[in-house]
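Thanks for coming, everyone. I'd like to walk you through one chain today, with its cysteines, its strands and its charged pairs in turn. Have a look at the picture first.

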Amino acid sequence: ASFTVSLHKVDNTTVMIKLRPGVSPSCRIRIKTVIRSDLKITSGENVTFTFTCSAPEKYFIMEIQKNIDCVSGPCPFGDVHLYPPGLPRLNRTYIWDVKASTKAGLELKFSTPWLRQIEPGETCPDSISYNINSCIDKATVNIGTFCRNGSVSRVKLLGGVIMSLHLPWHSLLTTSGFNIANRASIKRLCIIESTFKGESSVTLMSPNYPLGFPEDELMTWQFVIPSNMRASVFFHNYSLSNCERKEERVEYYIPGSPSNPEVFKLSDSQPANIAGSFNMSLQGCDQDAQNPGILRLLFQVVVQPPQVDENVTHLIDLSKEKNMTVTIHLEGWPSQISLMSEPICLICKDPRTCDRVLTLASGAVYRISFLCKDLSRLRITAEKGIGCMDIRWCQRKIYSLSVPKVITRLPIQLHKFIWKLLATDLINVEITSPSLKLQQHVPEQRCNTSYSYSIVSATPGMELNVGVFCPGGSIEKIQMRNNITISLKTFGKGFINESVPQDLKMSFVPHIKDECTFTVSPSPKAKVYLQTPNWPYGLPPYISISWFIVVPGQQTARLGFSKDRMGIACETGRAYVNIKEETPGAEETVRREDELLPQPRNMHHNFWVNISNCKPVDKTQLTLQFWVTFADKQIDLGIILAVVAGAGVLTAIGLTVCCVKKKKKKTQNPMVGVYNANVNTQMPGKKALFGKGRQNNESHVYAVIDDAVVYGHLLKESNGSVAPEVDVYRPFDGPIGSLPPSPPPFSFKKDIKRSSNTEEEPPPLTDTDQDTYTFAHQKSGQSKDSGDAKEKDKGDTSVPLLENKEQDGLVE
């Protein structure tokens, strides 16, 4: 097809057709017999041309520029037309360059559906966009880029204007959509009018956004609001320049205000719930020539009807609280709130100070109201800090970790309440839940309550996610080192009713040995699942965790692990699982990472489970889970019969000895003992009473003569030939304290590694090792000091008992 473009001399119009950037010249323009890749048609020319391809829109673009002089001649007021007609269907840009004096600015008026400002780089849904530039002398300021369907109804500019309209090749638009309405001096850079018909919100930007508002300039936005609506302003993104003189600010002219203009800093909360139309102006300053900085502003205006309950206030008394903040916000805050979200919920501290997010600090009383159709969209997040810098002042204090009633009484759902527990290195935290107890959320035992507690050890560099807990379990107490963060999170509306009996308590205690210690007191019929912290990512290296399991009276506990091995290989140190009952003489079960974990076993007394990690050779970390069940203790009939039979035998032996002694009483004086001057016969006492170590102290060695010596001649008369020998009793555990079993110290682990070529490794040492008290009898050829000197004194490694307090926590 051929196209004819005819331009009159008075049109001051130029048409340019050129190749699209980056496109190969596979298509050309033919004018008679001339083939060319571009075409320029100026005023007074009449040109007919064709394309050498069937789809020229893929290769060419077109610019149509019209110059309008409103300085030396009359200004052509009225609608601006798309001229000339008959142009080929290409992507085209119309440009109107209007010259005007700075003493008589221009007013551009847009026809409905008006315009909507967009950010640089954003595109319009229909690919039709407008760009407005203001020309003052030789300076050009980009007022903004706009799409159709918005609220911007008029723009007044100081000086001339360059107006651009971009149309895609398939657009059927036949009008420009604006007219030159008037000339008037405005004494500021520009005035943008935004007209609202009903409930809606708009986003607007300062000129040259985001590059920077011109120095020491002033501009105004005029907002036309229906009388039955309310408007609120929110600043979302701004920056300030470096001012030498004056101050950057925004000014409001609000109908009925006693102090027009109302002046605000850009960092202030802006006016809200404004009744009627109002103006907002942005004032720049004289900038530092060496470091000017950037003044820019992106803001939102929300228009909505007045709320029925806007005069209903809610009292929030935080005057008696310390170190606490309460934030009221929309659901999904802060990441999921859109600038254009409609309808919007506002929280107001007073009728004109409203925002979508309101933070209240402790120590004051607030009266708030809500401009919101649906309060169910609002949430509360609160945070409270509790600290202890000196154990002498806070050791005996018990803090209640419960949500204050001032929060639960609000008609808003609590989303999260966070307690931040801060202490010095030698002060630790103890959490208890005496009545409800806590259940650890694990895959086999999920929490189904309306709220849960997430407990995290929050010391920098030592973060440890202890786990998620909910009320109604078996965990009575959790002791932790380092700073702790406890987050209560709610699920649904049932929290207000279910949370009434909250009994989570916290206290500060002296330093504990392990990173974390749990005290678990299950009910007799319970099956309890417990797992290591930081699940499923694994314990950090060199971390030790202990569980103290209370076995109910007349019950037997069954302990089992959920897998056969720890599943790690150690680069440095060793990983251990230690199990020990809290009873005198109990054996300690120890497994390393390269050994099978213990098979399920019965525990008849309270017992400890300790899990200690090494530094693994790869990214695989230590994760272990174990379970505990209970059953009634069974009386073994065989044991009863054995006891009865044993008692009978002992009685018979006693009668026989008694008779033999009577018979020989007159003819023999029995020897009852032999004094040994080389042996200390002092009664054994507590280890703390000894002034010396075991290597050089023989107070633990006793010598006695057994019955074979005293009554040996009697036994010989009855064909007995017993050599007077002394038995050796070695182990003596003594009373067991309430401290968990511990793995061998790391120095010992290194010794094991160095002596790995030996057939057998020595057993692991524990903090509960006691001195061995030995009954020794010297044999011929044996040194009297060799009885138990093979063992070396380890010293007293016990730790003082911790003072018990109380504690409790679910799943996000």
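Let's begin with Cys354, which counts as buried because its relative accessibility is 3%. By buried I mean under 20% relative accessible area, with exposed meaning over 50% and partly exposed in between, using a 1.4 Å probe and protein chains only. Before going further: this is a predicted model, where local features need pLDDT of at least 70 and side-chain atom pairs count only at pLDDT 80 or more, while totals for chains, interfaces and linings use all residues. Residues are numbered from 1 along each chain as its sequence is written, and side-chain values use heavy atoms, with hydrogens and water left out.

So who is the partner of Cys354 in its disulfide? The partner is Cys348, at 2.0 Å from S to S. The pair counts as a disulfide because the cut-off is two cysteine sulfur atoms within 2.5 Å. For anyone who wants the chemistry, a disulfide is a covalent bond between the sulfur atoms of two cysteines. The Cys348 and Cys354 link is right-handed, with 105° about the S-S bond. Cys348 is buried too, because its relative accessibility is 1%.

How many disulfides does that rule give? The count is nine. Let me show you two others.

One joins Cys570 and Cys614, with the sulfur atoms 1.9 Å apart. The torsion about this S-S bond is about -85°, so the Cys570 and Cys614 disulfide is left-handed. These two cysteines come from distant parts of the chain, 44 residues apart: Cys570 sits in strand β48 (residues 570–572), and Cys614 in the loop between β52 (607–612) and β53 (615–616). When I say strand or helix, I mean DSSP runs numbered from the N terminus: E with at least two residues for strands, H or I with at least four for helices. Cys614 counts as buried because its relative accessibility is 0%, and Cys570 is buried at 18%.

The other one pairs Cys124 with Cys147, again with sulfur atoms 1.9 Å apart. This Cys124 and Cys147 link is left-handed, with -90° about the S-S bond. Here, too, distant parts of the chain are linked, 23 residues apart: Cys124 is in the loop between β11 (115–118) and β12 (129–136), while Cys147 is in strand β13 (residues 139–148). Both Cys124 and Cys147 are buried.

Now let's step back to the whole chain. It has seven helices and 56 strands. Of its 812 residues, 44% count as buried. The accessible surface comes to about 42100 Å², and 52% of that belongs to carbon and sulfur atoms; these areas come from the Shrake-Rupley method with a 1.4 Å probe, and for residues only the protein chains shown count as cover.

On to the strands. Strands of a sheet pair through backbone hydrogen bonds, either parallel or antiparallel. For us, two strands pair if DSSP finds at least two bridges between them. One open sheet has four strands in the order β28-β33-β30-β31, with antiparallel pairing. At its edges are β28 (314–317) and β31 (353–355), each pairing on one side only. Inside this sheet, β30 (residues 346–350) and β33 (residues 365–371) share three bridges, and Ile347 has Phe370 of β33 as its bridge partner.

Which residues are the bridge partners of Glu251? In β25 the partner is Ser281, and in β23 it is Val263. Strand β22 (residues 249–253) pairs antiparallel with β25 (residues 278–283) over five bridges, and with β23 (residues 262–264) over three.

Glu251 also takes us to the charged pairs, since its side chain meets that of Arg249 in a salt bridge at 2.8 Å, N to O. The cut-off for a salt bridge is a side-chain nitrogen of Lys or Arg within 4 Å of a carboxyl oxygen of Asp or Glu. Glu251 is buried at 16% relative accessible area, whereas Arg249 is partly exposed at 24%.

By this rule there are 19 salt bridges. Another one is between Arg245 and Asp286, at 3.1 Å from N to O. Arg245 lies in β21 (residues 243–245) and Asp286 in β26 (residues 286–287), so the pair ties together parts 41 residues apart in sequence. Is Arg245 buried or exposed? It counts as exposed, because its relative accessibility is 52%, while Asp286 is buried at 13%.

Last stop: Glu107, Arg154 and Glu193 are linked in a network of salt bridges.
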